[in-house]
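Please open the model in your viewer, with a way to select residues by number and to show side chains. The tour moves from one selection to the next and says what is there.

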Amino acid sequence: MLFKNRLFSRSSLYIASKELNLFFASPIAWLFLGVFIASTLFIVFWAESYFSRNIADIRPMFEWMPIVLIFLSAALTMRMWSEERKNGTLEHVLTLPASSWEFVIGKFSACKILLVLALALTLPLPITISIMGNLDWGPVLSGYLATLFLGTAYIAIGLYISSRSDNQIVSLILTVIVCSVFYFLGSPVLLKLVSNDTAETLRALGSGSRFESITRGVLDIRDFYYYFSICVVFLVLNRYGLEQDRWASDGNRRLHNRWKIGTALIIGNLLALNFVLAPMSGLRLDTTEGKIYSISNATRNYLNQLQEPLLIRGYFSAKTHPLLAPLVPQVQDLLKEYAAVNKHNVRVEIVDPASNPEAEEEAGSKYGIKPVPFRIADRYQSSVVNSYFNLLIRYGNEYKVIGFEDLIEVKAGNNNDLDVQLRNPEYDITNAIKKILYAYQSGGNLFSTIQKKLKLTAYVSSDERLPASLKELNRNLHALLEKTAHDSNHTFSYDFIDPEAGDGSMAKALADTYGFQPMASSLFDTNTFYYYLVLSNDELAVQITLPEESDEAALKRTLDSGLKRFAQGFTKTIGLVTPEANPYAAQMGQPAPPSFNALQQILNENTTAKPTNLSTGKVPDDIDLLVIMAPDQLDEKSIFAIDQFLMQGGTVILATSPFLSRIQPSAITASEQASNVEDWLLHNGLSLEKTFVLDAQNSAFPIPVSREVGLFSVQELSVLDYPYFIELREKELNQENAITKNLPQLSLPWASPIIIDSGKNSGRTIIELATSSVDSWLSSDLDIHPKVREDGSAGFDVGVLSGQQLLATSISGRFESYFKNKESPLLQKDTTQETNHSSAVISSIVRHSPESARIILIGSNSFAEDNLLRLQSSMSDHNYMNPLQFITNAVEWSLEDEGLLSIRSRSHFNRTLPPLEDKQRHFWEALNYALGFLGIALLYLFVYWQKRQRHNRYQRLLLTLNDTQARPSPHTEAAE
C-alpha cells in the first residue's frame with residue numbers, strides 16, 4: 001500500500017522541476033552555492049594547510065564533509081515543507097490527484113540534484129591536484145559516492161523535520177541538531193569516554209565514523225546500506241506524516257492502523273537488516289591503487305601453506321588512549337579477513353585482559369605481554385591508564401608478539417595535533433606469520449624446507465697434492481657429507497671429482513664455467529691443487545668457501561650456510577659494511593663518519609644484518625648478500641673480499657660517491673673522498689663522474705643561511721629548495737622493477753652520475769633503477785652551501801641543463817675478476833712469514849663469476865644515512881623511510897624473496913606533492929577559487945538560458961492561442 005505508486009512518476013519529476021526553478025529564482029541560491037564553494041576551499045587550503053601537509057589527495061575536504069553536509073542539507077530542506085505549511089498551500093497539495101509519495105520523492109529529488117550540483121562545483125580541486133601530483137582517483141571517487149549517500153540521508157532527515165513545522169528557522173535548527181546527533185555518536189569526543197565495546201557500537205551508529213572508511217577508498221556494503229536505511233526510514237516517516245495530515249479525526253480507524261503497522265514494519269525491517277549485515281566484513285571493495293586495504297596474494301599464499309591451526313589473538317583494553325581507540329576496530333576487521341582467507345586453519349580471538357585475569361596472567365607470564373601506561377586527559381582531570389594494544393601470532397610452539405609501536409605511524413598535524421594511523425598492519429602481521437610458519441616447518445631440519453634435490457660437487461685434488469691442513473679437512477668433509485646425505489631423506493647427494501685426473505679437461509671446464517684456478521699455500525709455493533665445493537640444483541649453483549678451521553663443526557657451519565641459500569623460511573644474513581667510527585674523533589675535532597643504524601634496524605626485521613669487516617680479505621661464510629654504505633679508503637684485501645664474493649655469484653649493493661658532504665652547525669660542506677672501489681667499479685664497466693647532480697625537482701631542506709645586517713652577520717635556519725637533494729618521483733623511478741615500482745618518491749642527497757661502459761657490460765642485464773629529472777644539471781663545485789643573491793634571497797642559480805642522469809642501477813651477469821691477472825692479497829701477507837702448512841693461508845682467485853652475480857650501485861654516500869633521515873622526517877612530519885625501503889626491496893629482490901615486496905610499501909603518507917614555490921602554490925589555490933566561481937557563473941547562464949527558452953515557448957503558445965481566437969470559425973463564415 002505504501003509503495004503502490006512508481007518510485008519516479010511524471011508527477012514527481014514535475015514537482016522536482018518546480019522546486020528547482022523556485023530555488024534558482026532566488027538570489028539566496030547563488031549566494032548559498034558561492035558560500036559552499038568558498039568555505040570548502042578555505043577548509044582545504046587554510047584550515048588544513050594543504051600545501052604544508054604535502055600529500056596528493058583530497059581527504060581534508062572529505063574529512064569535513066560530514067559536518068559541512070549537515071548545514072548544507074539543512075539549508076536545502078528547511079523551506080521544502082515549512083513554506084507550504086506557512087503559506088497554507090499544504091492542504092491544497094494534499095488534495096491534488098498526485099500521491100503524497102510523489103510529492104515526497106519530487107522534493108527529495110530536487111534536493112538531491114542541488115547536492116550533486118554543489119559537489120560538482122568542487123571537481124576542479126581533485127583535477128588540479130592530479131595535475132600537480134600523482135592522485136589516486138579510487139579514494140576520490142569513493143569519497144564523492146560516500147558524500148552523495150551521506151547527503152541523501154541528511155536530506156531525508158531535513159525533509160521529515162520540515163514537514164512537521166511551519167517555521168523555516170525551526171526546521172533549520174532541528175535538522176542541524178538531529179544530523180549532529182548522528183554525527184557525534186561516532187565522534188572521538190564521545191568515544192574516548194566509553195569502553196572499546198561500547199565505542200565500536202557507537203562507531204557503527206555514527207554517520208561520520210562510517211564515512212571515514214569509504215573516503216579511504218574502501219567501499220563497504222554495510223556502510224552504504226546504513227545511509228540508505230536512514231534515508232528510506234525518514235522518507236517513509238515523511239510520507240506517513242503527510243498521510244496523517246489528510247486523516248479526519250473521525251476517519252477510518254482500521255485504515256489508519258494499517259498505515260501505522262505497515263510503516264512500523266518497513267522501518268523495523270530496514271533497521272534490522274543493518275544488524276544482519278554487521279558480521280559480513282567481506283562485503284567490500286578496495287578502490288585504492290594497488291589495493292592497499294585488501295589482503296594481498298602474498299598473504300593468501302602464506303595462509304594457504306598452513307597445515308595446522310594458526311592463532312591470531314588481539315589483546316585490546318576497553319579503555320585505551322583516544323588516538324589508539326579508533327584503530328582497534330580497523331585491526332579487528334583486518335584480522336577477520338585473515339580468518340576468511342583460511343577458515344579452517346586461522347582462528348582469531350579478541351581479548352580484554354583487564355576483564356579476564358587468566359588471559360592477562362597467560363599474556364604476561366607466557367608471552368611477555370605487559371600493559372603500556374598512557375597519560376590521558378579529559379575536561380575534568382588528567383590520569384594514567386594501563387592499556388593493552390598487542391597482537392599474538394602463534395603456530396604450533398612458535399609465536400611472535402607485535403606491539404602498538406610496530407603497527408602505527410604518527411604524522412604531525414595542525415596546532416601540534418597528531419594524526420595516528422595504522423602504518424601497514426598487513427605487512428607486519430604477514431611478516432610475523434611467515435617467520436613462525438617457516439620456523440615451525442623447519443623444526444631445525446634444513447631439508448624439510450628445500451623443495452628440489454641438491455648435490456654437492458667437491459672438486460678436490462688427490463691427497464698427494466693437498467697440504468696437510470686440507471688432508472684433515474678432507475677426511476672430516478667425507479664424514480660430514482655422508483651423514484648429511486643420510487639425514488636428508490634422499491634430498492642431498494654428493495660427489496668428489498679430481499679436476500687434474502685424466503687429460504685435464506675437467507680443470508679447463510672449471511676455469512671456463514666457474515673461473516676456478518689452482519690454489520696455493522703461499523706466494524712461492526710451487527705445489528698447486530684444487531679444493532672447491534659447489535652446491536647446486538637445477539637452477540642455481542653456489543660456491544661454498546673453505547672454513548678457516550678444519551674441524552667438523554666449522555665444516556658443518558659452512559655447509560649449513562650454503563644449504564640455507566636453497567631453503568625457504570630461514571633468515572638470511574646480510575653483511576653490512578659501514579664506515580668505522582673513531583672513538584677519539586670528537587676529541588680531535590674531527591666529524592663523525594656517517595652512521596646507518598636505522599638501515600641495520602630495518603634490515604633486521606626480516607634478515608640478520610651483521611656488521612662486517614672486510615679487512616681480513618674474506619667475506620664470512622654465512623653472508624648471503626653484501627651491503628656497502630659510504631666506503632672510505634678500503635684496503636686491497638677489502639676490495640679482494642668484495643671481488644671474490646661477487647665472483648662466487650653473490651650480490652653487492654654499493655652506495656658510494658666521489659664526495660662526502662656534511663651538515664655543520666653554520667654551513668654545509670663537501671670534500672672529495674676516495675673509497676678505493678673506483679678502479680674495481682671501472683673494471684666492471686661502471687664509474688662515477690666527479691660531479692654533483694643538481695635538479696630543479698628537489699626537496700625542501702632546513703639550511704643555515706647567513707644574512708648581513710649592517711656590520712653584523714646573522715645566522716638563520718631557512719627552509720629552501722635544495723637542488724642537491726634530488727626528488728625522484730614515479731617518472732624517475734623504474735616502474736617495471738620490484739625494487740622501485742612501489743616507491744612513489746625517493747630523495748637522493750648529493751648524488752653523482754653513474755656512467756655505464758656498454759662495451760664491458762655487453763651480454764649482462766642492465767636495469768636503470770633511478771634517474772634524475774630532465775631539468776637537472778651538473779656541478780663540480782665543492783661549495784654546496786646556498787648562495788646569497790643580490791636581492792638578499794638565498795638559493796642556487798640553474799646551470800646548463802644536462803638532461804636525465806643515471807643515479808642507481810643494477811647489473812647482473814658474468815663478471816671477470818679484478819684480480820684475474822694479479823697476485824692474491826691474502827698470499828702477499830705471507831711473504832714476511834715462514835711458510836708453515838699447519839697455519840698456511842689457502843688462497844686462490846676465482847677468475848669470473850656465474851650468471852647469478854649482481855652489482856646494485858647507488859651514486860650517493862649519504863643515501864639512507866641516519867642524520868639525513870631524521871632531517872627529512874622532520875620536514876615531512878612523519879617517519880621518512882623510503883631510502884630504507886629501497887635498500888630492503890633490493891635485498892629481498894636479490895635474494896629472490898619477493899613475497900612481501902607487494903605489500904611493503906603500502907603507506908598513508910606516500911603520495912607527496914612535487915616541490916612548489918610560493919608563486920606556484922598561490923596560483924593553484926587562486927585557480928581553484930576561480931574555477932569554482934566560474935562553475936557557478938556557467939550554471940547561472942544555463943539556468944538563464946532555460947528560463948529564456950521557457951519564456952519563448954510561452955510567448956509562442958500565447959501567439960498561437962491569439963491567432964486561433966482571432967481567426968473566424970468556418971461555421972461563422974457559412975452563417976454569414
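**Starting point: V170**

Select V170, which is partly exposed, with a relative accessible area of 36%; here buried means under 20% relative accessible area, exposed over 50%, and partly exposed in between, with a 1.4 Å probe and protein chains only. V170 sits in helix 10 (residues 168-184), where helices (H or I, at least four residues) and strands (E, at least two) are DSSP runs numbered from the N terminus. Add M78 to the selection: M78 and V170 are 92 residues apart in sequence, and their C-alpha atoms are 8.2 Å apart in space.

Before going on, please note that this is a predicted model, in which local features need pLDDT of at least 70 and side-chain atom pairs count only at pLDDT 80 or more, while totals for chains, interfaces and linings use all residues. Residues are numbered from 1 along each chain as its sequence is written, and side-chain values use heavy atoms, with hydrogens and water left out.

**The nonpolar cores**

Next, select F24 and L33, the residues with the most contacts inside the largest nonpolar core, which has 84 residues. Such a core is a set of buried Ala, Val, Leu, Ile, Met, Phe, Trp, Tyr and Cys residues joined through side-chain atoms within 4.5 Å. Colour helix 14 (residues 221-246) as well, since the largest share of this core, 12 residues, comes from that helix. Around F24, show A29, W30, L33, L114, L117, L939 and V943, which F24 touches when residues up to four places away in sequence are not counted; contact means heavy atoms within 4.5 Å. A second, separate core of 67 residues includes Y514, Y531, V534 and L546. In soluble globular proteins, nonpolar side chains tend to be buried together.

**The largest cavity**

Keep Y514 and V534 selected and add F516, A541, V542, Q543, M647, Q648 and P850, and you have the lining of the largest cavity. A cavity, on a 1 Å grid over the protein atoms alone, is a set of points where a 1.4 Å probe fits but cannot get out, and lining residues have an atom within 4 Å of a point. The space in this cavity is about 70 Å³, and the structure holds 6 cavities of 30 Å³ or more; grid points are joined across faces, edges and corners, and a volume is the space filled by probe spheres set on the points. Strand 14 (residues 541-544) gives the largest share of the lining, 3 residues.

**Salt bridges**

How many salt bridges does the count come to? The count is 16, a salt bridge being a side-chain nitrogen of Lys or Arg within 4 Å of a carboxyl oxygen of Asp or Glu. Select K610 and D622, whose closest N and O atoms are 3.2 Å apart in one such bridge. K610 lies in strand 16 (residues 608-611) and D622 in the loop between strand 16 and strand 17 (625-629), so the pair ties together parts that are 12 residues apart in sequence. K610 is partly exposed at 31% relative accessibility, and D622 is also partly exposed, at 27%.

Move to E349 and R347, whose side chains meet in a salt bridge at 3.0 Å, N to O; E349 has a relative accessible area of 23% and R347 one of 39%. Finally, select K18, E19, R79 and K107, which are linked in a network of salt bridges.

Definitions and conventions:
1 Å grid on protein atoms, 1.4 Å probe; cavity = no way out; pocket = protein on both sides within 12 Å on 5 of 7 lines; lining within 4 Å.
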